[in-house]
Amino acid sequence: VARYVVTSFGPDRPGIVSAITRQVVNARGNVESSRMARLHGDFTISMLVSFALDGSTAENVEKFTSALAAIEGLTTSVRESSQIKKSRTGGMSDNERVAYKRILLRGTDFPGLTNTFAEFLAARNINIESMSTDTQPASFGQEDVFIIEALVKLTSDCEVKNTKALAVALETLERNLGVD
């Protein structure tokens, strides 16, 4: 199986997902995983699309890429999945121990909050599997509440080796940032 990461974005309108996924089907591909969001009037989608390895795989991927580029108003990128490249070049083995942890932080919004959180994780060699951020009106006062929700992956090469150690490190970060 050949896997490709597809990212498209542009002004939101009804029918975008239908148009994109129609091209996946037309190219004999399959959407294995996807994330979609509407951000202030714009639409974005990221997908992992697989194609069966046969004599027409390269041709199907090329036609698929051209068909996506023809969808009006969308900017699209199609590239081979990095996970495939890692396995070919000696990346992490499939049976390496990993732990996943969901993190939810809420607090007063201020510039740099997302970056501080991301740097906290990067400094400990913790990978972000998925993350979303949002600003919502607070139920009290005039301040907005900023929310970060992340799923992180702890591997053997992380500074924190388990979810308990991560919880202790996060408590310090929360105190320093004034979030919970």
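Q: Over residues 5-83, what are the helix and strand percentages, and how far apart are the end C-alpha atoms?
A: In this predicted model, residues 5-83 make up one of the two ranges that the unreviewed UniProt entry lists as "domain: ACT". The chain there is 33% helix and 43% strand. The end C-alpha atoms of the range are apart by 10 Å.

Q: What are the corresponding values over residues 102-180?
A: Residues 102-180 are also listed under "domain: ACT" in the unreviewed UniProt entry. Helix accounts for 33% of this range and strand for 38%. Its end C-alpha atoms are separated by 14 Å.

Q: How many Å separate the centres of domain 1 and domain 2?
A: The domain assignment divides the chain into domain 1 (2-80) and domain 2 (99-177). With the centres taken over C-alpha atoms, the separation of domain 1 and domain 2 is 30 Å.

Q: Which strands are at the edges of the open sheet in the order S2-S3-S1-S4?
A: This open sheet has four strands, and the pairing is antiparallel. From one strand to the next, the twist averages 15°. An edge strand here pairs on one side only, and that describes S2 and strand S4 (75-80).

Q: Which residue in the turn of the S2 and S3 hairpin has a positive phi?
A: S2 and S3 run antiparallel and are joined by ten bridges. Along this pair, Ser34 stands opposite Met47, and Met36 has Ile45 as its bridge partner. Two residues lie between the strands of the hairpin, and the one with a positive phi of about 50° is His40.

Q: Which strands are at the edges of the open sheet in the order S5-S7-S6?
A: Three strands form this sheet, with antiparallel pairing. The twist averages 10° from one strand to the next. The strands that pair on one side only are strand S5 (98-108) and S6.

Q: How many bridges does the pairing of S5 and S7 run over?
A: One bridge in this pair links Lys101 to Val152 in S7. The sense of the pairing is antiparallel. The number of bridges between S5 and S7 is eleven.

Q: Which residue takes a positive phi in the hairpin of S6 and S7?
A: S6 and S7 run antiparallel, with ten bridges joining them. Asn127 stands opposite Lys153 in S7. The hairpin has six residues between the strands, and a positive phi near 65° is taken by Gly141.

Q: Which residues are closest to the centre of the second largest pocket?
A: The volume of this pocket is about 330 Å³. It is lined by 15 residues. The closest to its centre are Arg35, Met36, Ala37, Met131 and Ser132.

Q: Which elements give two or more residues to the lining of the second largest pocket?
A: The lining draws at least three residues from each of domain 1 (2-80) and domain 2 (99-177). The strands S2 and S3 belong to the sheet in the order S2-S3-S1-S4, and S6 and S7 to the sheet in the order S5-S7-S6. The elements giving two or more residues are strand S2 (29-39), strand S3 (42-51), strand S6 (127-137) and strand S7 (144-155).

Q: How many residues of the lining of the second largest pocket are nonpolar, polar and charged?
A: Met36 and Met131 are among the residues closest to the pocket centre, and Met counts as nonpolar. Arg35 is also among those closest residues, and Arg counts as charged. The lining as a whole divides into seven nonpolar, five polar and three charged.

Methods. Residues are numbered from 1 along each chain as its sequence is written. This is a predicted model: local features need pLDDT of at least 70, side-chain atom pairs count only at pLDDT 80 or more; totals for chains, interfaces and linings use all residues. Side-chain values use heavy atoms; hydrogens and water are left out. UniProt positions are given in the numbering used here, feature names are shortened, and annotations may be inferred rather than shown by experiment. On a 1 Å grid over the protein atoms alone, a cavity is a set of points where a 1.4 Å probe fits but cannot get out, and a pocket is an open set with protein on both sides within 12 Å along at least five of seven lines; lining residues have an atom within 4 Å of a point. Grid points are joined across faces, edges and corners, and a volume is the space filled by probe spheres set on the points. Domain bounds come from an automatic or database domain assignment. Two strands pair if DSSP finds at least two bridges between them. Axes are lines fitted to C-alpha atoms, for helices over the stretch in contact, and angles run from 0 to 180 degrees between N-to-C directions.
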